[in-house]
Amino acid sequence: MPEIRLENVSKLYTEDKRTSYAVRELNLKVEQGEFIFLIGSSGAGKSTLLKLISGELPPDEGTVYLNNANIARTIGPWRVRTVRTFGVVNQECMLIRKRTIGDNLLLAANAAGLRRRSRPSVKKALGIVGLPGVESYYPAELSIGECRRVELARALINSPSILLIDELTANLDDDNIWDLMHLLTELNNKGTTIIMATHASQFVNIMRRRVVTLVDGRLIGDVRNGKYGDIV
């Protein structure tokens, strides 16, 4: 079962000719089946950390391991790694507005190598997120909450063992957030590892999962059964 391990991982970025750390000297271990809330203010490094875990970004210092293998060196291009092992929900909406929901998911299914099973996989993924029968709709015809569910369905298209979620609940009302949290809990109960960056503090406090806190790219808190803001 996939295990993630980050050892002394740092990522630099340059802005206006100045170089800073997005993530700095970070050590983290995630076992298969965990549900982790990743919290911190905007710019704390949450999105960068998720991209380092998926392999979309290589670390400038340190190593990211997947089952003791350095994913930057041994598994090939990050796109291949992502579709095979990880399901990713980005902070920004990634749906193609001029394509139907079905077409959006078919593109993801084909990228995951599910060409022969692509249409059944689309139907299954939409059913999991509670949106059966929307294949012919366009993103503009759905609500914000429904579009976020579609993006989750796209991430689930290849039945990934690890789900990385960046601010899935942003701009949603409490009812939609609860529905998504229940769905994620069901997926986690079936063995899917979930690492979720979120600002939804009240839901973090109620669910009491492992809470990892970043400040200025550094890990300052890692608390099991934690609440928003716990650092010990």
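**Figure 1. N225 in the segment after β10.** In this predicted model, N225 is found in the segment that follows strand β10. The phi angle of N225 is positive, about 55 degrees, although the residue is not a glycine. Most residues other than glycine have a negative phi. N225 has a relative accessibility of 52% and counts as exposed, since the cut-off for exposed is over 50%.

**Figure 2. V223 in strand β10.** Strand β10 covers residues 218–223, and V223 is part of this strand. With a relative accessible area of 10%, V223 is buried, the cut-off being under 20%. R210 lies 13 residues from V223 in sequence, and their C-alpha atoms are 5.5 Å apart in space. Whereas V223 is buried, N225 is exposed.

**Figure 3. E25 in strand β2.** E25 belongs to strand β2, which spans residues 18–30. E25 is not a glycine, yet its phi is positive, near 45 degrees. A relative accessibility of 47% places E25 among the partly exposed residues. A positive phi is thus found for E25 within a strand, and for N225 in the segment after β10.

**Figure 4. Strand β3 and its two neighbours.** Strand β3 is made up of residues 35–39. Of its 5 residues, 5 are buried, so the strand is largely enclosed by the rest of the structure. The cover extends to both faces of β3: F35, F37 and I39 are buried on one side, and I36 and L38 are buried on the other. Strand β8, residues 193–197, runs parallel to β3 and is joined to it by 4 bridges. Within this pairing, F37 has M196 of β8 as its bridge partner. Strand β9, residues 210–215, also runs parallel to β3 and is joined to it by 4 bridges. Here the bridge partner of L38 is V212 of β9. The residues F37 and L38, which have these partners in β8 and β9, lie on opposite faces of β3.

**Figure 5. I101 in helix α4.** Helix α4 runs over residues 101–111 and includes I101. I101 is buried, with a relative accessibility of 0%. Leaving aside residues up to four places away in sequence, I101 touches L126, V134, E135, Y137, Y138, P139, L142 and V150. One of these contacts, V150, is 49 residues from I101 along the chain, and the two C-alpha atoms are separated by 7.5 Å.

**Figure 6. The whole chain, as a setting for the close-ups.** The chain has 8 helices and 10 strands. Its radius of gyration is 17 Å, close to the 17 Å that the globule rule gives for 232 residues, so the chain is as compact as a globular protein of that length. Along the principal axes, the C-alpha atoms fill a box of roughly 45 × 40 × 40 Å. Of the 232 residues, 50% are buried. Among contacts with a separation of 6 or more, 67% are between residues 24 or more positions apart. The accessible surface of the chain is about 11700 Å², and carbon and sulfur atoms account for 46% of this surface. The chain carries 31 positive and 26 negative charges, and the mean positions of the two sets are 7 Å apart.

Conventions: Residues are numbered from 1 along each chain as its sequence is written. This is a predicted model: local features need pLDDT of at least 70, side-chain atom pairs count only at pLDDT 80 or more; totals for chains, interfaces and linings use all residues. Side-chain values use heavy atoms; hydrogens and water are left out. Helices (H or I, at least four residues) and strands (E, at least two) are DSSP runs, numbered from the N terminus. The radius of gyration is taken over C-alpha atoms; the globule rule is 2.2 Å times the number of residues to the power 0.38. Buried means under 20% relative accessible area, exposed over 50%, partly exposed in between (1.4 Å probe, protein chains only). Contact means heavy atoms within 4.5 Å. Accessible areas come from the Shrake-Rupley method with a 1.4 Å probe; for residues, only the protein chains shown count as cover. Lys and Arg count as positive and Asp and Glu as negative; His and the chain ends are not counted. The place of a charge is taken as NZ of Lys, CZ of Arg, CG of Asp or CD of Glu. Two strands pair if DSSP finds at least two bridges between them.
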